[in-house]
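Trainee: Please pick one spot in this model and look at it closely. Then work outward from there, and keep the reasoning in view.

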Amino acid sequence: MVKSSALTVVNEKKNLPAVRDENSLVAYFEKIKKFPVLTEEEEKKLVTDFQENKNLEAAQQLVTSHLRLAARIALAYRRYGLPLADLVSEANIGLMQAVKKFSLDKKVRLATYAMWWIKAAINDYILRSWSLVKIGTVAAQKKLFYNLNRIKARLGLFDNKELEPSVVKKIAKELVVDEKDVVEMNRRLGGDKSLNVVAGDDGDSEKIDFVVDTRQNIEGVLALRQEKQQRREALQRALKKLSEREQYIVVHRMLTDEPETLDDIGAKFGISRERVRQIEKRAFERLSASVKQELNDNNNLAA
């Protein structure tokens, strides 16, 4: 859903690349690579032209030159289980809002400023969409949403079971939130198992009574869950076939919330950023082929 505060350029310019669904992502990523990166002087001229003359073509050029930045940030959030196409679209909305509000008085490049708007747009989308029972946007809930799993991992708690009262108290104290909020968020992050709690003034209703079940039937749910599990297992086996360096690059470039840069990985292994890119591309191709082959073999056996 396009927010009203986004630039009107999205409606008036028809040649901006758009993400329509998951199937169009590859073509979209290839298309945005063709937009040139602006020099600092070019960026200043376009910003001035847009602000002083309301030139939407200048705004469009500012947006398209930063679409790769928006896509890269969106990719870092793909492990939240939401459609990547939606994440990219929300990132682009954040980018357009950044272009609209950017000023040369800020003394930074547009990319630095836009990064925060892009992340904010994605974060808001996740908070709106991630749970069957919508997670609120109050500060305490946001704090728990982004930090609870990290703290649990530090404490060695890697399952989705109910937290011990002592653990709840410790987490609540660390994050300065109510203990009941910790319990509630832990249940939500564990798969929305908190639907059977009292809701409403009558005291007789539960949250589940207010949730419309639009999911597919149980057979479909189980089949989808099994397919996801097979893909995860196939991915793990495929990773083990790669060299130690290839595994590191794939994991830290593609399978983490905050991917490392080519330069950082290059410095770690004493190779150039271009060499890291080549290894990443080759390893990803091998990984994809291996996973696809295993899944095809499993399907043939099932048939």
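Mentor: Start with W117. Its relative accessible area is 25%, so W117 is partly exposed: the buried class ends at 20% and the exposed class begins over 50%. Keep in mind that this is a predicted model.

Now look at its ring. The whole structure holds four aromatic pairs. In one of them, the ring centres of Y113 and W117 are 6.4 Å apart. Their planes meet at 55 degrees, so this pair is tilted; edge-to-face would need over 60. F102 joins Y113 and W117 in one aromatic cluster. There is another ring to check in this stretch. The charged end of K119 sits over the ring of W116, 5.4 Å from the ring centre.

Why can two rings of one helix meet? Y113 and W117 both belong to helix α7, four residues apart, or about one turn. An α-helix has 3.6 residues a turn, so residues three or four places apart point the same way. The two partners fall into separate burial classes. Y113 has 15% relative accessibility and so counts as buried, while W117, at 25%, is partly exposed.

Compare that with Y248 and F269. Their ring centres lie 5.5 Å apart and their planes stand at 75 degrees, so this pair is edge-to-face. This time the partners come from distant parts of the chain: Y248 from helix α12 (residues 244-254) and F269 from helix α13 (residues 262-269), 21 residues apart. F269 is partly exposed, because its relative accessibility is 28%. F269 also has a charged neighbour. K268 lies over its face, 5.9 Å from the ring centre.

Stay with α12 and α13, and turn to charges. Eleven salt bridges turn up across the structure. R282 and E246 form one of them, with an N to O distance of 3.0 Å. R282 sits in helix α14 and E246 in helix α12, so their bridge ties together parts 36 residues apart in sequence. Burial divides this pair. E246 has a relative accessible area of 4%, so it is buried. R282 is partly exposed, because its value is 38%. The bridge is also part of something wider: E246, R282 and R286 are linked in a salt-bridge network.

Helix α13 has a link of its own. R273 bridges to D263, the closest N and O atoms being 3.0 Å apart. R273 is in α14 and D263 in α13, ten residues apart. Here both ends are partly exposed, because R273 has a relative accessible area of 45% and D263 has 47%.

One more bridge lies elsewhere in the chain. The side chains of E174 and R154 meet at 2.6 Å, N to O. E174 belongs to helix α9 (residues 165-175) and R154 to helix α8 (residues 139-154), 20 residues apart. E174 is partly exposed, because its relative accessible area is 37%.

Next, the nonpolar interior. In soluble globular proteins, nonpolar side chains tend to be buried together. The largest nonpolar core here has 54 residues, and L87, L95, V99, I118, I122, I171 and V182 touch the most other members. Helix α6 gives the largest share, nine residues. Take L87 as an example. Beyond its neighbours within four places in sequence, L87 contacts A74, Y77, R78, L82, I122, Y125 and I126. A second, separate core has ten residues, including A234, A238, L242 and M254.

A238 leads back to α14. S290 touches A238 and K241, leaving out residues up to four places away in sequence. S290 lies in helix α14 (residues 273-302). It is buried, because its relative accessible area is 15%.

A74, one of the contacts of L87, leads to helix α5. The buried residues of α5 (residues 67-75) are L67, L69, A70, A71, I73 and A74. They pack against α2 (25-32), α4 (56-64), α6 (84-101) and α7 (110-129). That brings us back to α7, the helix that holds Y113 and W117.

Conventions:
Residues numbered from 1 in each chain as written. Predicted model: local features only at pLDDT ≥ 70, side-chain atom pairs only at ≥ 80, totals over all residues. Heavy atoms only, no water. Buried < 20%, exposed > 50% of the residue type's maximum accessible area, 1.4 Å probe, protein only. Helix = DSSP H or I, 4+ residues; strand = E, 2+ residues; numbered from the N terminus. Contact = heavy atoms within 4.5 Å. Core = buried A, V, L, I, M, F, W, Y, C linked by side-chain atoms within 4.5 Å. Phe/Tyr/Trp six-rings, centres within 6.5 Å; stacked < 30°, edge-to-face > 60°. Lys NZ or Arg CZ within 6 Å of the ring centre and 35° of its normal. Salt bridge = Lys/Arg side-chain N within 4 Å of Asp/Glu carboxyl O.
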